[in-house]
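Here are some notes for a colleague who is opening this structure for the first time. They are set out as numbered points, each of which can be checked against the view.

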Amino acid sequence: MTSQARPIRIHQPRRVEYGTGTAAEIGAWARDQGFTRILVLTQAVVAPMLDRLALPGHVTVFDGVEPEPDTTNLDAALAAARAAAPDLVVGFGGGSVMDMAKLVTVLRGGQMLADVVGPNRVTGRQNALALVPTTAGTGSEAGIRALVTDAATLNKLAVESPFLLADMVAMDPALTMSVPRAVTAATGIDAMAHCVEAFTNRKAHPLIDGFARMGIALVAANLPRAVADGSDADARAALLLGAYYGGICLGPVNTAAGHALAYPLGTRLKLPHGLANAIIFPHVLAFNQPVAPEKTAEIAAALGLDPANLLAEASRWCRALGVEMRLSAQGATEADLPGWAAEAHAIRRLMDNNPRDMSVEDVLQIYRAAL
Ligand SMILES: NC(=O)c1ccc[n+]([C@@H]2O[C@H](COP(=O)([O-])OP(=O)(O)OC[C@H]3O[C@@H](n4cnc5c(N)ncnc54)[C@H](O)[C@@H]3O)[C@@H](O)[C@H]2O)c1
Ligand SMILES: [Fe+2]
């Protein structure tokens, strides 16, 4: 079978609204659907914008979702969901919030988290789900995965199921105007990393390559603009779309070594997901270059980088966005690195996707180069 004809399955939300002011479509849709008990998961920083959803009926707000939530935080959200007994759950926030809304939706009925981790183990769900991103990064609104940190082991647990797919998504760039510069940069590079890691993936597929190319072009052209001027509405809108395309890339192809290496930095060093990925991004891009020269050249061209000097150039691109790229400046020490390298190397669900085999020693060398 040619690689063009290889079967692939893509899930997308049932309905997607995109553009300024579309947040209000959530309320109109909820009214049309006859939902009367709505639970909103969110965070205090974005909760003041909630009225833009124009939600009808009885609305309960749980604003205690933590950035990079763990299982303890999930338990609190689940308790709130069981008390509220909603017919609609709305995730209103960044990836942290949207992933919690997805998990609450499928766990309320009684399945335990341990029983649903991995692909296709969820058996059903109890409420409709609407997702409204307020960062332009994870693309979680597009997809069938949700992540939560195990409070005991600090491993990131990934649940994957079509039951995690949103019935309704509103991508309203007006909601992202307040994202601080550093978060804009880090989440934007995360979106870029989703596209790049899917594009150069061992499981790369022409259907996904198209989305990846669009996402790479949008983020490359607009992230520097949004970082320079957070009120640039066109750049904010373009980034939201780029993040969505990255989310589509995550579905059937997913990320690879970049995200695997970023995970210990998130869970052990407590770096935000986007920042951890930004620090790793140039290193894995350059590491994979020898086995994916054409696609890497396309990525370099979109970013305006010289492919002959990719590690330095891509690092410079990230630094120009204000990202502190040195792990040591984030609190890491040489002694931390071997343990993280073993941990990252063991995340086979992602490492096995990488187009070039990466040994534990390779991972350690990357961490050392990033220190
Ligand atoms: N489901 C997926 O497919 C997927 C993909 C990638 C990442 N993730 C997960 O998503 C999480 C990270 O999500 P994220 O990068 O969006 O970060 P986040 O949701 O933690 O948000 C980052 C920070 O920005 C703040 N914030 C959010 N919106 C804001 C706004 N409009 N104005 C001002 N501040 C705002 C948040 O309060 C937080 O402090 C991680 O847990 C990661 O594992 C999931
Ligand atoms: Fe990511």
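1. Helix α8 passes helix α12 in a right-handed crossing. In this model, which is a predicted one, α8 covers residues 257-267 and α12 covers residues 337-345, and the two pack with their axes 8 Å apart at an angle of about 135 degrees. Since an angle of this kind is neither roughly perpendicular nor roughly antiparallel by the limits used, which are 65 to 115 degrees for the former and over 145 for the latter, α8 and α12 are therefore described as oblique to each other.

2. The residues that make this contact can be picked out on both helices: from α8 they are A260, L261, Y263 and P264, and these meet W340, E343 and A344 of α12. Sorted by class, the contact of α8 with α12 consists of six nonpolar residues and one charged residue, with no polar residue present.

3. A second pair to look at is helix α9 (residues 273-288) with helix α14 (residues 360-370), whose axes come within 10 Å and cross at roughly 130 degrees. That angle makes α9 oblique to α14, and the crossing of α9 and α14 is right-handed. On the α9 side the contact is made by I279, I280, H283 and F287, while α14 contributes I366, A369 and A370. The residues of the contact of α9 with α14 comprise six nonpolar and one polar, and no charged residue is found there.

4. How do α6 and α7 cross, left-handed or right-handed? The crossing of α6 and α7 is left-handed, and the axes of these helices, which span residues 206-228 and residues 233-250 respectively, come within 8 Å and cross at roughly 150 degrees. Because angles over 145 degrees count as roughly antiparallel, α6 and α7 are described as roughly antiparallel to each other.

5. The contact of α6 with α7 involves many named positions, so a reader may prefer to go through one helix before turning to the other. In α6, the residues taking part are I208, F211, A212, M214, G215, L218, V219, N222, L223, R225 and A226, and they meet A235, R236, A238, L239, L241, G242, Y245, G246, I248 and C249 in α7. By class, this contact of α6 with α7 holds 15 nonpolar, four polar and two charged residues.

6. Turning to the strands, six of them form an open sheet with parallel pairing, in the order β1-β9-β6-β4-β2-β3. The edge strands of this sheet are β1 (16-18) and β3 (58-62), each of which pairs on one side only. On average, and with direction ignored, neighbouring strands here are turned by 15 degrees against each other.

7. At one edge of that sheet, β1 is joined by three bridges to strand β9 (residues 168-171), and the two run parallel. V16 has V169 of β9 as its bridge partner. Helix α3 (residues 95-107) packs on the sheet, where it touches β2 (37-41), β4 (88-93) and β6 (128-133), and the direction of α3 makes about 165 degrees with that of β4.

8. There is also an open sheet of three strands, which has mixed pairing and follows the order β5-β8-β7. Its edge strands are β5 (118-119) and β7 (145-149), and each pairs on one side only. Between β5 and strand β8 (residues 156-160) the pairing is in the parallel sense and extends over two bridges, and G118 stands opposite V159 in β8.

9. Finally, the chain is divided into domain 1 (16-176) and domain 2 (181-370), and the C-alpha centres of domain 1 and domain 2 lie 25 Å apart. Across the boundary, 23 residues of domain 1 are in contact with 26 residues of domain 2. The side of domain 1 that touches domain 2 is made up of nine nonpolar, ten polar and four charged residues.

Methods
Residues are numbered from 1 along each chain as its sequence is written. Chains are lettered from A and ligands numbered from 1 in the order in which they are written. This is a predicted model: local features need pLDDT of at least 70, side-chain atom pairs count only at pLDDT 80 or more; totals for chains, interfaces and linings use all residues. Two strands pair if DSSP finds at least two bridges between them. Helices (H or I, at least four residues) and strands (E, at least two) are DSSP runs, numbered from the N terminus. Axes are lines fitted to C-alpha atoms, for helices over the stretch in contact, and angles run from 0 to 180 degrees between N-to-C directions. Angles under 35 degrees count as roughly parallel, over 145 as roughly antiparallel, 65 to 115 as roughly perpendicular and the rest as oblique. A crossing is left-handed if the near helix is turned anticlockwise from the far one by less than a right angle, and right-handed if clockwise. Two residues are in contact if their C-beta atoms, placed from the backbone, lie within 7 Å. Ala, Val, Leu, Ile, Met, Phe, Trp, Tyr, Cys and Pro count as nonpolar, Asp, Glu, Lys and Arg as charged, and the others, Gly among them, as polar. Domain bounds come from an automatic or database domain assignment.
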